[in-house]
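User: I am new to this structure and would like to go through it by question and answer. Please take each point slowly and end each reply on what was asked.

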Amino acid sequence: MSNYRIERIHPDSEELDLLVRMYTDVFAHPPWGEQHRPVDVRKTFERVLSYPEAIVLVALDSDNVQLGAALAFSMERKAELRLRLSRPGRGLFIDELFVAAFAHQRGIGAALAAKVVAAAQSDTFDYAVISTSVYEPAIRHLFCDRHKFTVAFEDDYQGRHLLPTAILPTRRLVLVGSL
């Protein structure tokens, strides 16, 4: 049995400040080395949480320490990807899935991936999309091997991370799965 639980959080959640701290910490370390201002992260998370269809999950241990999180919202908010995929139905874009370094190798990423897919199914989405770097094999493994997503396309991409302040060039994989 796992010694953590995954909860869906809402705009008025007490977890938001802790989530902001975890995000800035996770992405400040290798392999990302990104520096984000907490105020910008908070604004972005508040915006995502304001979307009626948003799925925001947090993994917590028995002492309520945050271990990881996932953020997702409608593909309607991702015009470039939606048009490129031209897939019928209601799509969910999994924008972030991350685990604190001290919590790696405990199955938390896999549990978050499974929970976000299950939440998307129960919220009647038809498919889900996640965009990741080719340098992040764990995400590809979680979604392709475990949830039968496929690679829709791969390209060179200089786009915005979750935050508009982080423009990062990468080789991008876009994975799609039917729900």
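**Aromatic pairs and other features**

User: How many aromatic pairs does the structure hold?
Analyst: The model is a predicted one, and what follows is computed from it. Counted over the structure, the aromatic pairs come to 7.

User: In the pair of tyrosine 23 and phenylalanine 45, how are the rings arranged?
Analyst: The ring centres of tyrosine 23 and phenylalanine 45 lie 5.4 Å apart, and the ring planes meet at 85°. Planes over 60 degrees apart count as edge-to-face, so the pair of tyrosine 23 and phenylalanine 45 is edge-to-face.

User: Which helices does this pair link, and how many residues apart are its members?
Analyst: The pair joins distant parts of the chain, with tyrosine 23 in helix 1 and phenylalanine 45 in helix 2. Along the sequence, the separation of tyrosine 23 and phenylalanine 45 is 22 residues.

User: Is phenylalanine 45 buried or exposed?
Analyst: The relative accessible area of phenylalanine 45 is 1%, and the cut-off for buried is under 20%. Its partner tyrosine 23 has 0% relative accessibility and counts as buried. Phenylalanine 45, too, is therefore buried.

User: What arrangement do the rings of tyrosine 51 and phenylalanine 73 have?
Analyst: For tyrosine 51 and phenylalanine 73, the ring centres are 5.5 Å apart and the planes stand at 75°. That angle is over 60 degrees, the limit for this class, so the pair of tyrosine 51 and phenylalanine 73 is edge-to-face.

User: Where in the chain do tyrosine 51 and phenylalanine 73 lie?
Analyst: These two residues also link distant parts of the chain, being 22 residues apart. Tyrosine 51 is buried with a relative accessible area of 13%, and phenylalanine 73 is buried with 5%. Tyrosine 51 belongs to the loop between helix 2 and strand 2 (55-61), and phenylalanine 73 to strand 3 (residues 66-74).

User: Which residues form one aromatic cluster?
Analyst: Two members of the cluster, tyrosine 23 and phenylalanine 45, have already appeared as a pair. Together with two further residues they form one aromatic cluster, made up of Tyr23, Phe27, Phe45 and Phe98.

User: Why can the buried residues of helix 5 be said to line one face?
Analyst: In helix 5 (residues 137-147), the buried residues are Ile139, Leu142, Phe143 and Cys144. Seen down the axis of helix 5, these buried residues line one face because they fall within an arc of 160°.

User: Which residues are exposed on the other side of helix 5?
Analyst: The buried residues of helix 5 include Leu142 and Phe143. On the other side of helix 5, the exposed residues are Pro137 and Arg146.

User: What is the phi of lysine 148, the residue that follows helix 5?
Analyst: Most residues other than glycine have a negative phi. Lysine 148 sits in the loop between helix 5 and strand 6 (150-160), and it is exposed, with a relative accessible area of 62%. Although lysine 148 is not a glycine, its phi is positive, near 60°.

User: What phi does serine 86 have?
Analyst: Serine 86 lies in the loop between helix 3 (79-85) and strand 4 (91-99). With a relative accessible area of 60%, serine 86 is exposed. Like lysine 148, which has a positive phi, serine 86 is not a glycine, yet its phi is positive at about 40°.

User: With which side chain does glutamate 34 make a polar contact?
Analyst: Glutamate 34 is found in the loop between helix 1 and helix 2 (38-50). Its relative accessible area is 6%, so glutamate 34 is buried. At 2.7 Å, the side chain of glutamate 34 makes a polar contact with the side chain of histidine 36.

User: What radius of gyration does the protein have?
Analyst: The protein has 5 helices and 7 strands, and 49% of its 179 residues count as buried. A compact globule of 179 residues would have a radius of gyration near 16 Å. The value for the protein agrees with this, at 15 Å.

Note on methods: Residues are numbered from 1 along each chain as its sequence is written. This is a predicted model: local features need pLDDT of at least 70, side-chain atom pairs count only at pLDDT 80 or more; totals for chains, interfaces and linings use all residues. Side-chain values use heavy atoms; hydrogens and water are left out. Buried means under 20% relative accessible area, exposed over 50%, partly exposed in between (1.4 Å probe, protein chains only). Helices (H or I, at least four residues) and strands (E, at least two) are DSSP runs, numbered from the N terminus. The arc is that of the directions from the helix axis to the C-beta atoms. A polar contact is a pair of N or O atoms within 3.5 Å; within protein, one must be able to donate a hydrogen and the other to accept it, and residues adjacent in sequence count only if both atoms are side-chain atoms. The radius of gyration is taken over C-alpha atoms; the globule rule is 2.2 Å times the number of residues to the power 0.38. Rings of Phe, Tyr and Trp (its six-membered ring) pair if their centres lie within 6.5 Å; planes under 30 degrees apart count as stacked, over 60 as edge-to-face and the rest as tilted.
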